[in-house]
Amino acid sequence: MRSPLLDVPGAVPGASPDDTVAAHYGDPYAEQRALAAGRAVVDRSNRPVITVSGPDRLSWLNSLSSQKLDDLPPGVWTQTLFLDPQGRLEHHLHLRDDGETTWIHVEPGTSEELITWLEKMRFMLRVEITDVSADWAVVSGVPGDDRLIPRSELAAQGPLAGLWAYEALRIEAHIPRYGFDTDHKTIPHELGLIETAVHLKKGCYRGQETVARVHNLGHPPRRLVFLHLDGSVDELPPHGTPVTLGVSTPLEADPEAAVEGSATPGQIGFVGSSARHYELGPIALAVVKRTVPVDIDLVAGHVAATQEVIVPQDAGRNVQVDPELRRQAAMMARDRKRPNLM
């Protein structure tokens with residue numbers, strides 16, 4: 001649904017899936033500064049808004065998703081994930097409850113599939129799912145500061161900053177965006193979503209086995225990194241741009257680092273989001289193999305980049321075993337192997 005704020009003088013539409021809101025209003029850097037200082041608001045009305053009502057709503061959502069929601073206090077924003085059986089991301093929800101209804105907003109283009117799946121999971125529970133995007137809209141301050149307003153009040157919002165300003169601050173804050181900084185294989189640990197959208201001690205939900213296994217026993221295969229891009233290059237690397245090691249012969253430098261099935265020699269990841277920041281210059285988020293050294297330079301397409309760690313290489317494997325228990329287990333194993341001479 002096209003935003004009325006695109007009729008503001010100077011408004012320039014964004015690119016898909018953000019083409020129904022403004023990328024900027026004529027001065028992207030000034031808009032960034034105003035947004036960072038808390039003096040502007042961003043039109044994110046292209047994000048679908050869904051409500052779930054009924055007395056079983058929170059316990060039901062709690063049983064389906066990664067976050068503990070059954071005791072969510074009214075008015076508190078939180079995040080949760082719907083995962084597939086293998087623990088891969090299917091939906092990333094931002095939500096709050098007002099005591100009677102749970103309000104959810106999601107990425108553009110994902111609401112129809114989400115609602116269809118939720119309807120299938122209702123069973124006999126007392127919940128009602130409604131798409132209210134025609135009547136309600138998302139506006140934001142800095143990333144994480146969201147508000148839901150009647151869509152009829154959009155035209156009265158201001159001062160305005162475009163979505164470019166919001167995206168630059170989001171990337172600076174190391175916040176991944178579903179559909180941009182993810183692919184069909186993404187699991188929560190790779191993006192650092194364990195800290196913001198996953199409760200590790202709640203009851204069962206689809207995909208929990210993978211979440212628990214990686215958290216306690218293993219490491220995610222990839223990790224999110226922040227890239228400082230070479231400012232001498234005019235173009236930003238778009239979403240999906242291959243990331244390679246910053247050496248002339250990447251395969252010789254690390255033959256095992258290339259992404260399986262990659263068409264780009266030496267590819268070790270991909271660019272998710274990129275933007276021009278008013279202070280940092282060109283920046284990006286990328287997903288790379290976990291084993292890529294944290295102190296090596298990278299190349300995003302043809303743009304040189306230095307990396308900043310977001311998700312550490314040792315993420316996961318959090319089980320702490322008492323050394324004495326390890327010693328006792330080893331002794332018992334040796335005893336079992338000794339031949340019985342009796």
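# Exercises on accessibility, sheets and ring pairs

**Exercise 1.** Explain why Asp-145, with a relative accessible area of 42%, is classed as partly exposed, and place this residue in the fold.

Solution. This is a predicted model, in which local features need pLDDT of at least 70 and side-chain atom pairs pLDDT 80 or more, while totals for chains, interfaces and linings use all residues. Residues are numbered from 1 along each chain as its sequence is written, and side-chain values use heavy atoms, without hydrogens or water.

Step 1. Buried means under 20% relative accessible area, exposed over 50%, and partly exposed in between, with a 1.4 Å probe and protein chains only. Asp-145, at 42%, is therefore partly exposed.

Step 2. Asp-145 lies in the loop between β9 (136-140) and β10 (146-150); strands are DSSP runs of E with at least two residues and helices runs of H or I with at least four, numbered from the N terminus.

Step 3. Contact means heavy atoms within 4.5 Å. Apart from neighbours within four places in sequence, Asp-145 contacts Val-139 and Ser-140. Its C-alpha atom is separated by 9.8 Å from that of Val-41, 104 residues apart along the chain.

**Exercise 2.** Classify Met-1 as buried or exposed, and list its contacts beyond four places in sequence.

Solution. Step 1. Met-1 has a relative accessible area of 56%, so this residue is exposed. Met-1 belongs to the segment before β1 (12-13).

Step 2. The contacts of Met-1 are Thr-20, Ser-133, Ala-134 and Arg-151. For Ser-133, 132 residues apart from Met-1 along the chain, the C-alpha separation is 8.7 Å.

**Exercise 3.** Describe the open sheet of five strands and the helix that lies across β4, β5, β6 and β8.

Solution. Step 1. Two strands pair if DSSP finds at least two bridges between them. The sheet order is β5-β6-β7-β4-β8, and the pairing is antiparallel. At the edges stand β5 (78-83) and β8 (128-131), each of which pairs on one side only. From one strand to the next, the twist averages 30°.

Step 2. Four bridges join β6 (residues 89-97) and β7 (residues 101-105) in the antiparallel sense; Asp-97 has Thr-102 in β7 as its bridge partner.

Step 3. Axes are lines fitted to C-alpha atoms, for helices over the stretch in contact, and angles between N-to-C directions run from 0 to 180 degrees. Helix α3 (residues 111-120) runs at about 165° to β8.

**Exercise 4.** Which strands close into a barrel, and in what order?

Solution. Step 1. The six strands follow the order β12-β15-β14-β13-β16-β17, with antiparallel pairing. Here the twist averages 40° from one strand to the next.

Step 2. Between β13 (residues 242-245) and β14 (residues 267-277) there are three bridges; Thr-244 stands opposite Gln-267 in β14. Helix α4 (residues 163-172) packs on this sheet, touching β12 (222-229), β14 and β15 (281-289), at about 130° to the direction of β14.

**Exercise 5.** What geometry do Trp-103 and Trp-136 adopt as an aromatic pair?

Solution. Step 1. Rings of Phe, Tyr and Trp (its six-membered ring) pair if their centres lie within 6.5 Å; planes under 30 degrees apart count as stacked, over 60 as edge-to-face and the rest as tilted. The count comes to two aromatic pairs.

Step 2. Trp-103 and Trp-136 are edge-to-face, at 4.9 Å centre to centre and 65° between the planes. Their pair links strand β7 with strand β9, 33 residues apart.

Step 3. Trp-103 is buried at 12% relative accessible area, whereas Trp-136 is partly exposed at 26%.
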